[in-house]
Amino acid sequence: MNSDNDLQIAGDILEVPHLLQPPREHPATVAEFAGLARSIAADRAQWAHLVRYDATTRWYHRLRTGPGYEVWLLSWVPGQGSGRHDHGRSSGVLTVLEGTLTERTERGTHALSAGAQRVFAPGYVHEVVNDALEPAVSLHVYYPGLTEMPMHTSPHCEARDKARDKAHDEAHGEAHGGARPVTA
Ligand SMILES: [Fe+2]
């Protein structure tokens with residue numbers, strides 16, 4: 001008589017930890033990056049005390065890094081904007097934490113209020129500006145980490161503008177204490 005069954009052969013899976021899929025420590029999909037951003041957004045203790053507002057230059061702070069990705073905190077006083085840009089070879093998730101930001105793309109203009117998210121792939125071109133009367137705060141996840149942010153002034157002369165703005169960014173990056181471009 002054979003009384004074995006699968007459970008007896010394999011044992012109870014709950015007692016065999018190496019057979020269980022461990023929860024991922026770091027996000028690895030677009031949905032997980034968006035989820036990471038939402039979880040940080042919901043936990044103000046992780047970011048609210050770090051926020052500074054600077055009327056003279058864009059303020060940004062690297063909140064967290066992980067394998068291949070970076071999380072940045074940005075503030076926007078009324079009137080501050082990113083200029084029209086892409087994100088090099090990075091994909092990203094933009095999440096508004098406080099206030100309202102306006103995003104302009106070739107498809108139109110959208111008001112992004114607290115909790116709104118934008119997911120973008122390499123090559124996505126947009127401009128983000130605080131058109132409101134109150135300061136705004138946003139969270140940006142980049143995968144891989146942002147290494148360049150080519151500026152676009154006109155759809156008709158991007159190549160020329162990229163070359164010019166690369167030189168501009170490098171010069172200003174040094175002036176701001178590092179080669180890293182302002183994030184947005
Ligand atoms: Fe951006």
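Two strands are said to pair if DSSP finds at least two bridges between them. In this predicted model, strand 3 and strand 8 (residues 126–129) pair in the antiparallel sense, with three bridges between them. The legends below apply this idea to several close-up views.

**View A. The chain as a whole contains three helices and nine strands.** Read from the N terminus, the order of elements is α-α-β-β-β-β-β-β-β-β-β-α. The chain has 184 residues, of which 26% count as buried. When contacts between residues at least 6 apart in sequence are considered, 69% of them join residues at least 24 apart. The average pLDDT of the chain is 83, and 72% of the residues score at least 70. Over residues 156–180 the pLDDT is below 50, and this stretch has 16 contacts in the model beyond near neighbours in sequence. Where pLDDT is low, the predicted coordinates should not be read in detail.

**View B. Four strands form an open sheet in the order 3-8-5-6.** The pairing in this sheet is antiparallel. Its edges are strand 3 (81–85) and strand 6, each of which pairs on one side only. On average, neighbouring strands of the sheet are turned by 15° against each other, direction ignored. At one edge, histidine 85 has histidine 126 of strand 8 as its bridge partner. Strand 8 also pairs with strand 5, again in the antiparallel sense and over three bridges. Within that pairing, the bridge partner of threonine 102 is valine 129 in strand 8.

**View C. A hairpin connects strand 5 to strand 6.** Two residues make the connection between these strands. Strand 5 (residues 100–105) and strand 6 run antiparallel and share six bridges. Threonine 100 is bridged to serine 113 of strand 6, and leucine 101 to leucine 112 of strand 6. Is strand 6 largely in the open or covered? Strand 6 (residues 108–113) lies largely in the open, because the number of its six residues that are buried is zero.

**View D. Strand 9 is mostly covered.** In strand 9 (residues 136–143), eight of its eight residues are buried. In a regular strand the side chains alternate between the two faces of the sheet. On one side of strand 9, Ala136, Ser138, His140 and Tyr142 are buried, and on the other side Val137, Leu139, Val141 and Tyr143 are buried, so that both faces are covered.

**View E. Strand 9 pairs with strand 2 and with strand 4.** Strand 2 (residues 69–76) runs antiparallel to strand 9 and is joined to it by seven bridges. One position in this pairing is glutamate 70, whose bridge partner in strand 9 is tyrosine 142. Strand 4 (residues 91–98) is likewise antiparallel to strand 9, with seven bridges. Here valine 93 stands opposite valine 141 of strand 9.

**View F. The largest nonpolar core contains 25 residues.** Which of its members touch the most other members? They are Phe33, Ala37, Leu139 and Val141. Helix 2, strand 2, strand 4 and strand 9 each supply at least two residues of this core. In soluble globular proteins, nonpolar side chains tend to be buried together. Leaving aside residues up to four places away in sequence, leucine 139 touches Ala37, Ile40, Ala41, Val71, Leu73, Thr95 and Leu97.

**View G. Glycine 35 belongs to helix 2.** This helix spans residues 30–42. Is glycine 35 buried or partly exposed? A buried residue has 20 or more other C-beta atoms within 10 Å of its own. Glycine 35 has 13 C-beta neighbours inside 10 Å and therefore counts as partly exposed. Glycine 35 and valine 93 are 58 residues apart in sequence, and their C-alpha atoms are 9.8 Å apart in space.

**View H. Proline 67 lies in the loop between strand 1 and strand 2.** Strand 1, which precedes this loop, covers residues 59–66. A residue counts as exposed if 12 or fewer other C-beta atoms lie within 10 Å of its own. Proline 67 has 10 C-beta neighbours inside 10 Å, so it counts as exposed. How far apart are the C-alpha atoms of proline 67 and proline 144, and what separates these residues along the chain? The C-alpha atoms are separated by 8.7 Å, and the residues are 77 residues apart along the chain.

Definitions and conventions
Residues are numbered from 1 along each chain as its sequence is written. This is a predicted model: local features need pLDDT of at least 70, side-chain atom pairs count only at pLDDT 80 or more; totals for chains, interfaces and linings use all residues. Axes are lines fitted to C-alpha atoms, for helices over the stretch in contact, and angles run from 0 to 180 degrees between N-to-C directions. pLDDT is the predictor's confidence in each residue, from 0 to 100. Two residues are in contact if their C-beta atoms, placed from the backbone, lie within 7 Å. A nonpolar core is a set of buried Ala, Val, Leu, Ile, Met, Phe, Trp, Tyr and Cys residues joined through C-beta atoms within 7 Å.
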